[in-house]
Amino acid sequence: MILQTSNLTRRYGALIAVDHLNLALEEGEVFGLLGPNGAGKTTTLKMLTTLLPPSDGSATVAGFDIRRQAAQVRRVIGYVPQLISADGALSGYENLLIAAKLYDIPRAEREQRIIAALDFMGLRDVAHRLVREYSGGMIRRLEIAQAILHRPRVLFLDEPTVGLDPVARHLVWDYIRQIRQNLGTTILLTTHLMDEADLLCDRVGIMHLGRLVACDAPQALKVAIGKPEATLDEVFIHFTGNQLQTTMGGYRETARTRRVARRLG
Amino acid sequence: MKPLEPGASPVALASSSSSPSLRQVWQPWAVLREMLVKTWVIAELEARKLRHDPTELFTRAVQPALWLLIFGQVFARVRAIPTGNLSYLDFMAPGILAQSVLFIAIFYGISVIWERDLGVLHKIMASPAPRAALVSGKALSAGIRGLTQAVIIYALAALLGVDLNWQPQALLGVVVAVILGAANFSLFSLIIACLVKTRERFMGIGQVLTMPLFFASNAIYPLAIMPAWLQVIAKVNPLTYIVDALRALMITNGTPVFPLGLDFAIMSLTTVILVALAARLYPRVIV
């Protein structure tokens, strides 16, 4: 198992954002964490990327403990946060250059890898333009490029297509598939788009109010609820007893999501 | 090894990064080297941003310029403040340089809130760079901003006929004092940002702090004429030691009130303490 959590829990005061989460990811799979805003997806990712200490429980990424070996974990993961992680005040090339330096990519390989990443993501022509002038899809591609520059073993993508138009969304899906195929990277992504999960993920985990309520291949989940022809939406409703809606998103999160959507859109 | 080619194996990288030599052995020199390299990378990041848009450097210079041109010129005529063997303009020029360093550094912490709101900070925090290097990189970049202000103040002071000391070792001392001073206030500012977490609260606190820090120092009048209670405050105000060092180094006949070594020792010590404190608090801004 490349990633394993054991009763991973995070509380914010009285609120339990992630409640005794047990997950196990196999090397090379694309795993989707599904759930409405406030289900605990982002909090889970923040803990796994060592940005947030768990309140309880533990997790390992590539064999390293997220608490005691945080520095080692950071070396083997890539992370594209839900918010915008490319610096708008720098060019695309500069963003990648700084990433390469932060991850200690040897000087001799740096230039070559940056150019390869720009080519791979179709950003070579705009490499020296300020990211501020990029379209939403270009920004997302740059962010993915900087997250895989050091060839992480596990790539975390938090709502990778939020705020993107359908064309840009499909392009991002293609890139995610290619990264897995070319580099064998294990990918853990969060989404609240059921079709995205259905198309892209080998397995999905459905989170509801901080708990993992179902976890399997999309087709297996459909069979499990006795409707092999069902959409993932129906599966979701079956397990959460809930229409997909904002349960705890709140003002702050909504404001953030809209801001990201506006910047990317 | 070619990057990102189909079928390229990530295994080579993974095994090298998890080798035991990197993992368990305590290597102080490697840690120090890592610290310095990553500090430099963060400073480079900030410097590149500044190069793309240097507007702030000029807008920030307006206020100190007004102090020097208007306040300085007027008070030089009044001769109300005893400044020993220095003219009032000579006396206050280092104070105004310290002020501009203070002003450019004390609001720098807001950048971390801004980066948190954007998401850039998440990316940097998930990278293997040590947290102490992330904050000291910010501090160094505040130092670079401070140096740009020093260039502007020197030019203005020279125009006004301030008796500047152009000896190389004195200039070098000014460079170090400006960097340490900017580091001090920017780290202080980062710490506040990590505690208050929102832009609105931060701006409020920043406004409240700036003027007391400036007036409770020897920037525009000497310690000797202050009432006793104010002297006590001025002596725990780091700005006082920065001004004291700058006054000794920047002006031809300038003399420090405290030994120069003490000024630099205090600036260095507070920098180290603030880096340690800021590095501990830094992750909190994300929560």
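This report walks through a predicted model with chains A and B, starting with chain B and ending with a few spots in chain A.

## Chain B at a glance

Let's begin with the overall build of chain B. Chain B is made of 13 helices and has zero strands, so reading from the N terminus you meet one α after another. Along its principal axes, the C-alpha trace spans about 80 × 40 × 35 Å.

Of the 287 residues in chain B, 43% are buried. Now look at the contacts in chain B with a separation of 6 or more: residues 24 or more positions apart account for 82% of them.

## Where the two chains meet

How many residues does each chain bring to the contact? Chain A gives 37 residues and chain B gives 30. On the chain B side, α1 (11-17), α3 (28-52) and α7 (120-125) each supply at least two residues. The largest share comes from α3(B), with six residues.

As for the kinds of residue, the side of chain B that touches chain A has 17 nonpolar, seven polar and six charged ones.

## A helix with two faces: α10 of chain B

Helix α10 of chain B covers residues 199-215, which is 17 residues. At 1.5 Å a residue it should span 24 Å, and its end C-alpha atoms are 25 Å apart, so the expected and actual lengths agree.

Which residues of α10(B) are buried? They are B:F202, B:L213 and B:F214. These residues cover an arc of only 80° around the axis, so they sit on the same side of α10(B). There's a general reason to expect this sort of pattern: an α-helix has 3.6 residues a turn, so residues three or four places apart point the same way.

Turn to the face of α10(B) that points away from the buried side, and you'll find the exposed residues B:E200, B:G204, B:Q207, B:V208, B:M211 and B:P212. Back on the buried side, the cover includes α5 (88-106), α6 (110-118), α9 (168-196) and α12 (238-250) of chain B.

## Two helices packing: α5 and α8 of chain B

One of the helices covering α10(B), namely α5(B), also packs against helix α8 (residues 131-159) of chain B. The angle between α5(B) and α8(B) is about 145°, and their axes are 9 Å apart. The crossing is right-handed.

To see who touches whom, pick out B:A93, B:I96, B:L97, B:S100, B:V101, B:I104 and B:A105 in α5(B). Across from them in α8(B) are B:A142, B:R145, B:G146, B:Q149, B:A150, B:I153 and B:A157. Sorted by kind, the residues of this contact are ten nonpolar, three polar and one charged.

## Over to chain A: helix α9

Helix α9 of chain A runs over residues 232-240, and its buried residues are A:L232, A:V235, A:F236 and A:T240. Seen down the axis, these fall within an arc of 110°, so they line one face of the helix.

What covers that buried face is a mix of helices and strands of chain A, including β3 (30-34), α7 (194-200), β9 (203-208), β10 (211-216) and α8 (218-224). Just after α9(A) comes A:G241, which takes a positive phi of about 60°.

## Two loop residues with a positive phi

Most residues other than glycine have a negative phi. A:T50 goes the other way, with a positive phi near 70°. A:T50 is in the loop between α1 (41-48) and β4 (56-61) of chain A. Is A:T50 buried or exposed? It counts as buried, because it has 23 C-beta neighbours inside 10 Å.

A:E159 has a positive phi too, near 50°. You'll find A:E159 in the loop between β7 (154-158) and α6 (166-183) of chain A. With 23 C-beta neighbours inside 10 Å, A:E159 counts as buried.

## One more loop: A:R129

A:R129 lies in the loop between α4 (107-120) and α5 (136-148) of chain A. A:R129 is partly exposed, with 14 other C-beta atoms within 10 Å. Setting aside neighbours within four places in sequence, A:R129 is in contact with A:S91 and A:G92.

How far is A:R129 from A:S6? The two are 123 residues apart in sequence and 44 Å apart in space, going from C-alpha to C-alpha.

Definitions and conventions. Residues are numbered from 1 along each chain as its sequence is written. Chains are lettered from A and ligands numbered from 1 in the order in which they are written. This is a predicted model: local features need pLDDT of at least 70, side-chain atom pairs count only at pLDDT 80 or more; totals for chains, interfaces and linings use all residues. Two residues are in contact if their C-beta atoms, placed from the backbone, lie within 7 Å. Helices (H or I, at least four residues) and strands (E, at least two) are DSSP runs, numbered from the N terminus. Ala, Val, Leu, Ile, Met, Phe, Trp, Tyr, Cys and Pro count as nonpolar, Asp, Glu, Lys and Arg as charged, and the others, Gly among them, as polar. The expected span of a helix is 1.5 Å times one less than its number of residues. A residue is buried if 20 or more other C-beta atoms lie within 10 Å of its own, exposed if 12 or fewer, and partly exposed in between; C-beta atoms are placed from the backbone. The arc is that of the directions from the helix axis to the C-beta atoms. Axes are lines fitted to C-alpha atoms, for helices over the stretch in contact, and angles run from 0 to 180 degrees between N-to-C directions. A crossing is left-handed if the near helix is turned anticlockwise from the far one by less than a right angle, and right-handed if clockwise.
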